[in-house]
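Some backbone labels are easier to accept once the value behind them is set against its definition. Please go through the labels one at a time.

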Amino acid sequence: MTADHTPRVRAFWITGPAHGEIQPTNPDLDAPDSEPTVEIATLYTGISRGTESLVFNGRIPRSEHGRMRAPFQAGDFPWPVRHGYSNVGRVVQGPAELQGRTVFSLFPHQTRFRVPASAVVPVPDNVPAERAILAANMETAINGVWDAQAAVGERIAVVGCGVVGALMAWLCQRLPGARVTAVDTEPARHGILSELGVCFDPDLQSDDHDLVIHASGNPAGLDHAIALAGTEGRIVEMSWYGDQPVSVPLGGAFHSRRLTLRASQVGRVSPERRPAWTHRDRLELALSLLASPELDVLIDGESDFEALPETMTALCRDDSTALCHRVRYPENH
C-alpha cells in the first residue's frame, strides 16, 4: 500500500524477445462516461501456451498485428506489449449487483484494473475461481465444436491434446454414441485424457473418421490428422502457427476422399450460431460448463504474480509440455 492506502497497481509487460517485466501502471478505464465501470482485484490469471507463447517469443506476423490484438491489450506487437485474456477477479467497486462478485474477463496479467461493467461475466456459484481461468479455452473449444458440426454417433479423432484439444475431446465425448479418440505424442497426456473419460491412442492409424480435430500446433500433427479422415471426412484446424510456414499434404487421398479442411478461430461466433448467439452468450456457456471438477486436471501448475517473468520464460520454451498454468495474486486474497 502507498501512504494514502491506494493499492499499487502492477502489470506484466513483454518488453523484448522472450523477456518480460512487472511494471507499475494505472488502472485502465476504457469506457464512455455514460457506461458504468467496475474495478477488479485480480485473484487468478491463466496462461495457456498457445497464443501467449507466440506473443512472448515475438512470433506474431506483421500482417496479423491488428487482428491478433487481445481485447484489453496495451502497446503494440511485437513489444512492449501487455497481453493476456484469462482473468478471474473480485469486483471491489461498481454497480450494486456486481459488488463483491467473482467475475471473469478477457484482461491481461495485472493486479487491479477498471473496465466497463459489460466486459465482465459473473462466475457461477458452482464454479471455483481457481478453475474459472479455463473459461477462455473452453470458449474456444465450444466454438471449435460448433465449427466442426460434431454430431451424435460420429467417429471423431482429436490430434493434439493441449488445453483446447483436450476440452474439445471432452465435449465431443459427451455426444451420444460418439467414438472419440485422442492422439498426442506426449505420454503424460494419457493420464489426463483418462481423467476426462476420453480414449487415448498415441498410435492411432484408422482412417475411417467422420471428423478429425487438429490442435497440436505442429505441421506433422496436421499431416496425421488428414491421414485419419475417412471418405467425405472433415478436418478442423484449431492451431495457429504464427510466422511458421506450414506445408499441407493435399496429394494422396485428399482429393479422392473429398476431404474438407476448415479453420476455426474464436474471434467470431461460428456462422451457424451467429444469428442467435452473442460472444457474451458463448462465454456464459463456457463458464457454466466449468462446473465439472474433472477439468481441474488441465491446470498443471501455479505460481505467484511476482514470479511471472521467470514463469513465462519457462512455459514458453519450445520444449515445454505445460497445459494451463495458474497465476495467483496473493495481495488480493
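The questions below deal with peptide bonds, phi angles and exposure. This is a predicted model, in which local features need pLDDT of at least 70, side-chain atom pairs count only at pLDDT 80 or more, and totals for chains, interfaces and linings use all residues. Residues are numbered from 1 along each chain as its sequence is written, and side-chain values use heavy atoms, with hydrogens and water left out.

Q: What makes the peptide bond from Phe77 to Pro78 cis?
A: Its omega is near 5°. Pro78 sits in the loop between β4 (74-75) and β5 (81-82), where strands are DSSP runs (E, at least two residues) numbered from the N terminus.

Q: What is the omega of the bond that joins Trp79 and Pro80?
A: Omega is about -5°, and the bond is cis. Pro80 is also placed in the loop between β4 and β5.

Q: Why do such bonds and positive phi values get a mention?
A: Because most peptide bonds are trans and most residues other than glycine have a negative phi.

Q: Why is Ala18 called partly exposed?
A: Its relative accessible area is 34%, and partly exposed means between buried (under 20%) and exposed (over 50%), with a 1.4 Å probe and protein chains only. Therefore Ala18 is partly exposed. Ala18 lies in the loop between β1 (10-16) and β2 (19-24), and has a positive phi of about 55° without being a glycine.

Q: Why does Arg258 count as exposed?
A: Its relative accessibility is 55%, so Arg258 falls in the exposed class. Arg258, not a glycine, has a positive phi of about 55°.

Terms used
Helices (H or I, at least four residues) and strands (E, at least two) are DSSP runs, numbered from the N terminus.
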